[in-house]
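Here is a quick walk through some local features of the model below. Have the structure open while you read.

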Amino acid sequence: MSKNLEQIILKHALANAIKFEGKANQKAVIGKIIAMNPELKEQAKKIGKMVSLVIEEINKLTLDEQKKKLLEIAPELLEEQKREEEVKELPPLPNADSYKKIVMRLAPYPSGPLHIGNTRMVVLNDEYVKKYNGKLILVFDDTIGSEEKRIIPEAYDLIKEGLEWLDVKWHQEVYKSDRIPEFYKYCEKLIREGEAYVCLCEAEEWRKKYKETGKSCPHREQTVEENMEYWKKMLEGNFGEGRAVVRLKTGMDYPDPAVRDHIIMRISERKHPRVGSKYRVWPLLEFSWAIDDHLLGATHILRGKDLIKEDIIEQIIWKKLNWPSVDFIHYGIITFKGLKLSKSKARRLIEERIYLGWDDPRTWSLQSLRRRGIKAEAVRRAMLDLGLSTIDIEYSPEILYAINRKMIDPEADRYFFAESPVKLTITKIPKEKIEAKPLLHPDFPERGTRKISVNVEKEAAKVLISNQDKEVMKINNIIRLKDLINITVKKLDPLEAEFHSYTIEEARSLNAKIIHWVPTTENVPITILKPDGKSVNGLGEPQCKQLKVNQLVQFERYGFCRIDQTEPQIFAFFAHN
């Protein structure tokens, strides 16, 4: 390897360590190196080994020592780091001075709890209202929905629970299902003024024959009296589902066919979880938004740019009702790398008992993030870092994990854990007893140490290591059992090794790999639920008996976890590496 490559690895590893309070992340460093130097992609495996060795040394340095070293070899990266640490402020709201009070709204549809995909909208609205000392209205967008995307009764409380966890403060709570008479009132007004009509066309017929061609259907020319008669029949139950709708005269010549004579009211005979069968005619979301955004006094509407069609329909309705417009602010579409977010699918899998519930990690609900040990502050920070950019992005959860890692690392004490443990026999140990005294936290020695003892009989001892570590071992490998001894692998099946030496310095001089272990006695059974829903079993060191529910820990070389239960045995949720 060239000196140039070594220098590239060193500077990016230092920059990453400084970014995360002195602890570099191998995956992040490798990703950065390859992103900046695509020609090195073919050498990724080799680079990975080099990065691992460099990080091991860098993480031993203090934060000040790391900064000093980076200043010597790549001062531009240190400056970049300082710029990244600057607090990102949201741009001012347009025309904010034109309003006595800024009023914004959240409009979640209660088909399930809020998930990671909803958080950008939630956090940005809340942040702006706090910035301007305004008013935030929580509007449950609980119009009837569809059979596939139906309202879940428990979703109302789950949504509020998620908002409270995110420290979102709302000042008024509104349920659209309580406001159906208002929507009827303004629908009738539009019909009486000739701005809307009842259409009896079959949906497919209307789409192909009229919407796509821009031609008007015969019902568009009905008199106000005819439309009011049909409207009355809709309300009284003379038409079944899909047999009649109210269309707004947005214009059959509108350039975007999706806007042409848009439906504003339709029939649904499904029972509503809050109001039962009281209503059978329900507004479409765009119509209900237009009415309520005006009546509730919204000054700014913040939404993804994929909802610009909704902006257009709202503005048409306001114009027809002689109401003033409001300011729209948009942000780009965000997708989450590797995630398929669907509340309908999650609900189905919960009903089939494949998912544990709405806090199953595979739902990516706010409840599931909390249960995994993700901090609400980390979620807020991640979304605020995105700001109001209108660029579409694919967001990697690793970015959220990096922010969360920085927040929870100081509180997470360290423990040894061996997944799918296998027995390792060590011979030729000169002492009758060997003992490890690892720190509870390497950055806070004042917290104390854990004592892990191993009995030696006839110069031999047994410990347990993870099966994953066993699988990569080779004969004559020199391995360090962390904080205990150095060994030389002699046999793989069954796994056997000989004592080599005691000190970490000797291990470093031999580039020995460090692995974690637990004793064969007094260990603690632990089950960990991963983000993909799979459970893994293993054993923790004896001190794991003292762990408490809700405690955040780091199982060394494994990852951060939140302890979910301690009885009848420890069950933990995996947060991230």
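## Around strand β26

The hairpin of β25 and β26 has three residues between its strands, and R557 takes a positive phi near 65° there. This is a predicted model, in which local features need pLDDT of at least 70 and side-chain atom pairs count only at pLDDT 80 or more, while totals for chains, interfaces and linings use all residues. Residues are numbered from 1 along each chain as its sequence is written, and side-chain values use heavy atoms, with hydrogens and water left out.

A word on naming: helices (H or I, at least four residues) and strands (E, at least two) are DSSP runs, numbered from the N terminus. Two strands pair if DSSP finds at least two bridges between them.

Strand β26 has a partner in β25 and another in β27, as the table shows.

| Pair | Sense | Bridges | One bridge partner pair |
|---|---|---|---|
| β25 (residues 552–555) and β26 | antiparallel | four bridges | V553 and C561 of β26 |
| β26 and β27 (residues 570–576) | antiparallel | five bridges | F560 and H576 of β27 |

The link from β26 on to β27 is a hairpin too, through four residues. Is β26 buried or exposed, going by most of its residues? Six of the seven residues in β26 (residues 559–565) are buried (under 20% relative accessible area, 1.4 Å probe, protein chains only), so the strand is largely enclosed by the rest of the structure.

## A three-strand sheet

Further up the chain, there's an open sheet with the order β1-β2-β3 and parallel pairing. β1 (103–106) and β3 (172–175) stand at the edges with a single partner strand each, so one side of each has no neighbour in the sheet. From one strand to the next, the twist averages 25°.

β1 pairs with β2 (residues 135–140) over four parallel bridges, and L106 has L138 of β2 as its bridge partner. Helix α6 (residues 119–132) packs on this sheet and touches β1 and β2, contact meaning heavy atoms within 4.5 Å. The direction of α6 makes about 160° with that of β1, on a scale where angles run from 0 to 180 degrees between N-to-C directions.

## Two packed helices

Helices α11 (residues 285–295) and α12 (residues 308–320) pack at about 60°, their axes 9 Å apart. That makes α11 oblique to α12; oblique is what remains once angles under 35 degrees (roughly parallel), over 145 (roughly antiparallel) and 65 to 115 (roughly perpendicular) are taken out. On the α11 side, the contact includes F287, W289 and I291, and on the α12 side I313, I317 and W318 are among the residues involved.

Notes. Buried < 20%, exposed > 50% of the residue type's maximum accessible area, 1.4 Å probe, protein only.
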